[in-house]
Protein chains: 4
Amino acid sequence: MTAGMDFRSDNVASAAPEIVDAVVEAARTSATPYGGDPVTERLEPAFSALFETEVKVFPVVTGTAANALAVAALTPPWGVIYAARAAHVENDECGAPEFMTGGAKVTGIEERCGKIVPAALEAALAAAGAGEVHWSQPACLSLTQPTEMGQVYTPDELAALTGIARRHGLAVHMDGARFGNAVAACGASPAALTWRAGVDALSFGATKNGALAAEAIVLFETGRAADLAFRHKRAGQLLSKMRFVSAQLAAYVADGLWLRLAAQANGQARRLARGLEAVPGATLAAPVEANEIFVTLPRAVIEGLAEAGVLFYLWPETDPQATTIRLVTRHDTETGEVAALIETAQRLAAGAA
Amino acid sequence: MTAGMDFRSDNVASAAPEIVDAVVEAARTSATPYGGDPVTERLEPAFSALFETEVKVFPVVTGTAANALAVAALTPPWGVIYAARAAHVENDECGAPEFMTGGAKVTGIEERCGKIVPAALEAALAAAGAGEVHWSQPACLSLTQPTEMGQVYTPDELAALTGIARRHGLAVHMDGARFGNAVAACGASPAALTWRAGVDALSFGATKNGALAAEAIVLFETGRAADLAFRHKRAGQLLSKMRFVSAQLAAYVADGLWLRLAAQANGQARRLARGLEAVPGATLAAPVEANEIFVTLPRAVIEGLAEAGVLFYLWPETDPQATTIRLVTRHDTETGEVAALIETAQRLAAGAA
Amino acid sequence: MTAGMDFRSDNVASAAPEIVDAVVEAARTSATPYGGDPVTERLEPAFSALFETEVKVFPVVTGTAANALAVAALTPPWGVIYAARAAHVENDECGAPEFMTGGAKVTGIEERCGKIVPAALEAALAAAGAGEVHWSQPACLSLTQPTEMGQVYTPDELAALTGIARRHGLAVHMDGARFGNAVAACGASPAALTWRAGVDALSFGATKNGALAAEAIVLFETGRAADLAFRHKRAGQLLSKMRFVSAQLAAYVADGLWLRLAAQANGQARRLARGLEAVPGATLAAPVEANEIFVTLPRAVIEGLAEAGVLFYLWPETDPQATTIRLVTRHDTETGEVAALIETAQRLAAGAA
Amino acid sequence: MTAGMDFRSDNVASAAPEIVDAVVEAARTSATPYGGDPVTERLEPAFSALFETEVKVFPVVTGTAANALAVAALTPPWGVIYAARAAHVENDECGAPEFMTGGAKVTGIEERCGKIVPAALEAALAAAGAGEVHWSQPACLSLTQPTEMGQVYTPDELAALTGIARRHGLAVHMDGARFGNAVAACGASPAALTWRAGVDALSFGATKNGALAAEAIVLFETGRAADLAFRHKRAGQLLSKMRFVSAQLAAYVADGLWLRLAAQANGQARRLARGLEAVPGATLAAPVEANEIFVTLPRAVIEGLAEAGVLFYLWPETDPQATTIRLVTRHDTETGEVAALIETAQRLAAGAA
């Protein structure tokens, strides 16, 4: 077995030293609890500067909490949340959005590599029966940026979808569990990819990109903040020593660290993609834009990779005979790791041919 | 202003170096997410050894989540949770137990210094209408150990209350946000204070006693674990990098650290109590058994303490004219801090006389 | 056993012929479903005329649904509903308010014969921690008119309580399961007893006073109607053949029928109260203002009544040794029934003496 | 406009005289509330006889309540309910199943004329991730009998689907809003179409087939009854004068009335289908097995029918350019009404040609 070829997910990553240091520093002294500490108090100014508009920030410790609380702030119990079929809010939260909204529905919309097809969203909304009491009511559009297949929506693509949402009275949530990878990949500003493109609330992820456990719900529609404060508390996400999460977020966005970390992950993904494209029988199932690679391979190669100790997920995960695999690079993925994987795949492909 | 006389709460404390080190160590390397890592996997054996019985452990990041999920594991939506009137589950969770159970009721029972009066519990259950479809149904007893007034239930006191609960078919939860302080104070074993005394699920707190943000739901009634796993996930408490919480819990219970930290806090509380008892006009409102002191003082002294920069809460917090204050000592409370407070109080009392 | 001395509750009553006739008439023909029928469409004009202001009306089939949906329209999931300790919303709905609000709390307030003590409400609100994220937030005052002990709030008494509510930002609900008995008893207009006295939403009961199964949520704060329509549907209270409920409500309020029926019940209660006052050893536990009598009697008399076949409830119901009983008169209670009960009580009291 | 050609739905129907008489009879006298009356008490024996096994019966007033409470009795908050895409539980309850389960998901499965495709159910379950904490868990299969397109599952078809459900640990619910039409159509016994075919809970509808407002949740899996009693109460479906619903249900199943009424509706549907098949340009979109006809027609004919005063729904309802319409016959649909519709369609088709 070749050591260290772990491409399962960026949530297996180590934490970035700058972030660990910030936690250690925060641990040295005592501080006012429940977010009354100086580190937490500086978060909103820092995020407001980063996003070039006044925002409200709610630190949480999981993407599940960020997503479910954010959509709950935007959706009544009788609402419908529209999301790509592969989206986390639809598939991977064990019903957290349904739970935290008090029984809303999540409806999956047709997608291309995770990007919602505008015409499909239009069609769903046209048939949604707005105002009709027998039907759950259109309330929220949730976009994943980058998508579950690692694609980055451009500001124009976002505006097209959020424009449809606005015309039908929907609020807009963005699941940015890997938001840093999107920004680093496309070069557009955080503002351009969010509120300027019509986003009301963002799940701003840090955990997958170098933090220990830190996500922020960033509210652009700040009128929702008063209610969200109570939801946040009663969901068990208001930490008494909130400073330990805030310190991670503060260090993460300071001096562009988050974008440097994301750029490292994205760079390894591009390197890996180029290498795999040269492997006989390999085809990329989607363009590689951020830090996820979806590659279709002969079953023999897939099995060989697993035997060689490469860690990855089949795509879809539930199909044991899948011929596509997902590979994720991290801020701490090493070039040697990538090279070893490419070499292993080439060797296996040669043997299979 | 005298620097550093902070007696607001143990949740303002710094983190213990051993616990910080464990987090830093866990941050160095990558690991399987969602609790599949070695640190998390060792938690259940460690806690099973600590409690001398097989337990299931669910790490969470807040006492709110620990309490609300634990009672939700024990209570149907139409259930009643009985707790002391001052208990956190009744007063301080912004309705988290009601939320996570799906609409159960919390009923406050008469207490003495936070200890539920057995006869009052009996009376409430006798009048509860078990089996009567019009009434929410008795389901759970929640005990706080030590109580909100810092009192430690003895094993016999616990058994008396849990015996009543059993006879009426209730499950038993213990809110042990300061469980370490209770064990350190009374010398009974963790087992004697929990399952041997009839407790089904424990909120085992570490945050107030040296951790950064770590609590564990410890299930003695392990049959409830399968369902709780889903509740835990959908409440946003299943961290992808769970190892950072698990590492805190593992370090906390290793080599008796938790009891050493608690003993420090308890020792400073005893020292402070002795000092305050000697202050003219001061009366302890409750025996000091763990790390909380409730002391009744002339208003002039209370106001003088606030002016001198001593940080504390009035009791009850909502009464601006209260003549009792709550003082909490921490694992990192220094002897000088305690001495300064006593001296300040004595000076003020002398001036007031 | 003396036949027919049934004083258990007005919910055992027969239906009034006028109401039955309206149902029979509605059953003859087909009609647009879900409230699009002419009978339902005339309800809002009729109730608006009755209450002298524009109202929105939501027909439902139980008091539980009326109360729980009405308070859910006024209370967020993190809200507190204040009610008299004996109120149905606190005691008799198996947690329906908690369920339909998504986890709000109901807090019982000190009462005198069911009337909330204003000072106790003030004290509860002063200690409620409005705006404090750790605490469920004051949201709704629920008043029962007449109270659970048959007392009728005057417009001034209502205004005193709703004034406190307003100053603290609470909405006001009135549980009028026996609203007709209150109006018939005190002579004040429906408007004077509701919106003019600060009530936002009324559970307007008909079932206990001659209907088959019909209650109306009457919204004075009509801005809440749009959301309530969805709650009403998803709670299973939007009947496809809504006209069968609407027909009951329409007949009930037409030509003063509801007040005639209530006056009959109230009259029998007064007659019964006068008779019982003359029974040696009997004391009224509360003034008889509507159609409920609470009378304290020697245990021997209470047991004798039960043996004689009189149907009634002990008060409190859960105390098998109670010395107070509750007697309820109905629109169809006969004078002979009342006379027989008085006679039986007198005979038993004489024997007991 | 031709009078009376109302083919919108069977929920516009009049009530059957036998059922109205039973209500009138129940209204004459007083009775024990909350289902303690003799009429309600005879329901379970009557339904147990009808279904040839011991059942528990919960009367409710809407199909929404029947369906949502029944699936809530079978599904945890983190569960998934599988249903045909067109099923009421997925489409027409404004999220009532999500609400009453506490946040479960409803997943639509591929269907043919409303019948779930077994292979599609198998595929969904294979990909469902049973036991995987990140995903809502397979819990319940909900079948509509007859389907939303009026098709009747045979006992073998049911057994095939419930067999799949069993192998995956799912409970089975049947939405029988028109169960009488199914039984009358296929001749199989109520038992053969329910518990003998693997059904645990049935929404047994009467409202669409001659009742005023009456449905019964029939539990074959009687172990779920204790919990359901509390859900039933707190959902506001436990009527104090329950006898008025019970009387409808009792009259409905007495002496085969329900099957006679259903046979009348089915007979008119067959007559109508035969007539429409002879109309040039008309095609039945699904076989006519119960009391619903789906017929594809030239747009000019559809518009002409609407202008002629025929009442019907487009299919799908949300598509204003649909070329298929839904026609529903009722127990009280008259032969003249059917003849008039056929004649109108023929005339319009001739004109359009």
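Me: Just after α3(A), is the phi of A:Glu52 positive or negative?

Reply: A:Glu52 takes a positive phi, about 60°. A heads-up: this model is predicted, with local features needing pLDDT of at least 70 and side-chain atom pairs 80 or more, while totals for chains, interfaces and linings use all residues. Residues count from 1 along each chain as its sequence is written, and chains are lettered from A, ligands numbered from 1, in the order in which they are written.

Me: What makes α3 of chain A a helix, and which of its residues are buried?

Reply: Helices are DSSP runs of H or I, at least four residues, numbered from the N terminus. α3(A) spans residues 43-51, and its buried ones are A:Leu43, A:Phe47 and A:Phe51. Buried means 20 or more other C-beta atoms (placed from the backbone) within 10 Å of the residue's own; exposed means 12 or fewer, and partly exposed is in between.

Me: How do you know that the buried residues are on the same side of α3(A)?

Reply: Take the directions from the helix axis to the C-beta atoms. They cover an arc of only 50°, so these residues sit on the same side of α3(A). The face turned away from them carries exposed A:Pro45 and A:Ala49.

Me: Why are chains A and D said to be related as by a two-fold rotation axis?

Reply: Superposing by least squares on C-alpha atoms (pLDDT of at least 70 in both), chain A lands on chain D with an RMSD of 0.0 Å, after a turn of 180° and a shift of 0.0 Å along the axis. Therefore the two copies are related as by a two-fold rotation axis. In chain A, the C-alpha nearest that axis belongs to A:Gly103, 2.3 Å away.

Note on methods:
Helices (H or I, at least four residues) and strands (E, at least two) are DSSP runs, numbered from the N terminus.
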